[in-house]
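Visitor: I would like a close look at one part of this model. Please pick a single residue, show me its surroundings, and work outward from there.

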Amino acid sequence: MVGNSFGLVPLRDKVTVTKQSDTPLLDDWGEPVYETESMEYPCNFTYNYKNETASNYEGKLIVYTAKIYIKGLVKLDKQDKIQFTDMADNIVEKEIVTAYPVRDMAGKVLYTCVLI
């Protein structure tokens with residue numbers, strides 16, 4: 001969790017969220033092809049060194065790789081992909097385990113927390 005310093009999370013990392021369109025186009029063979037749209041967000045990225053578990057969209061408990069805090073409300077779907085550069089400068093693409101808003105005491109959304 002963010003803790004007591006809600007407004008003091010440094011956003012020194014970057015992630016790219018790739019969204020798929022809802023309606024596919026058909027290619028020459030009649031196969032569905034989804035258009036994608038990518039957005040880059042400043043974020044705070046924390047690896048899950050303690051191997052904590054979280055429940056995904058189907059309710060299954062799994063061990064997530066990292067926790068990402070993106071400032072503000074970012075609408076994410078299960079089929080969206082998260083792309084980032086790891087500590088060894090490799091480009092990694094992961095699926096979203098779950099995403100939820102982090103609110104302050106007044107109910108305003110400060111961050112979107114994404115587990116990958």
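Guide: Start with the contacts of Ile-68. Leaving out residues up to four places away in sequence, Ile-68 touches Val-15, Cys-43, Asn-44, Phe-45, Ile-82, Thr-112, Cys-113, Val-114 and Ile-116. Keep in mind that this is a predicted model. One of these partners is Val-15, which sits 53 residues away from Ile-68 along the chain. Yet the C-alpha atoms of Ile-68 and Val-15 are separated by 8.6 Å.

Is Ile-68 buried or exposed? Its relative accessible area is 0%. Buried means under 20%, so Ile-68 counts as buried.

Now place the residue in its strand. Ile-68 belongs to β7, which covers residues 66–71. Strand β7 is part of an open sheet of seven strands. Read across, the order is β9-β8-β1-β4-β7-β11-β10, with antiparallel pairing. So β7 has β4 on one side and β11 on the other in that order. At the edges lie β9 (91–95) and β10, each paired on one side only. From one strand to the next, the twist averages 35 degrees. A general point helps here. Strands of a sheet pair through backbone hydrogen bonds, either parallel or antiparallel. Side chains in a regular strand alternate between the two faces of the sheet.

Go next to the β4 side. Strand β4 spans residues 36–47, and β1 spans residues 13–20. Eight bridges hold this antiparallel pair. Within it, Thr-18 of the one strand stands opposite Ser-38 in β4.

Then take the β11 side. Strand β11 (residues 109–115) runs antiparallel to β10 (residues 98–103), and six bridges join them. Cys-113 in β11 stands opposite Tyr-100. Cys-113 is also among the residues that Ile-68 touches. Five residues lie between β10 and β11, and the two strands form a hairpin. In its turn, Gly-107 has a positive phi of about 95 degrees.

Finish at the largest pocket. Strands β4 and β7 are the elements that give two or more residues to its lining. The space inside is about 180 Å³. Ten residues line this pocket, and Thr-46, Tyr-47, Glu-52, Tyr-64 and Lys-67 lie nearest its centre. By type, the lining has five nonpolar, two polar and three charged residues.

Notes. Residues are numbered from 1 along each chain as its sequence is written. This is a predicted model: local features need pLDDT of at least 70, side-chain atom pairs count only at pLDDT 80 or more; totals for chains, interfaces and linings use all residues. Side-chain values use heavy atoms; hydrogens and water are left out. Two strands pair if DSSP finds at least two bridges between them. Helices (H or I, at least four residues) and strands (E, at least two) are DSSP runs, numbered from the N terminus. Buried means under 20% relative accessible area, exposed over 50%, partly exposed in between (1.4 Å probe, protein chains only). Contact means heavy atoms within 4.5 Å. Axes are lines fitted to C-alpha atoms, for helices over the stretch in contact, and angles run from 0 to 180 degrees between N-to-C directions. On a 1 Å grid over the protein atoms alone, a cavity is a set of points where a 1.4 Å probe fits but cannot get out, and a pocket is an open set with protein on both sides within 12 Å along at least five of seven lines; lining residues have an atom within 4 Å of a point. Grid points are joined across faces, edges and corners, and a volume is the space filled by probe spheres set on the points. Ala, Val, Leu, Ile, Met, Phe, Trp, Tyr, Cys and Pro count as nonpolar, Asp, Glu, Lys and Arg as charged, and the others, Gly among them, as polar.
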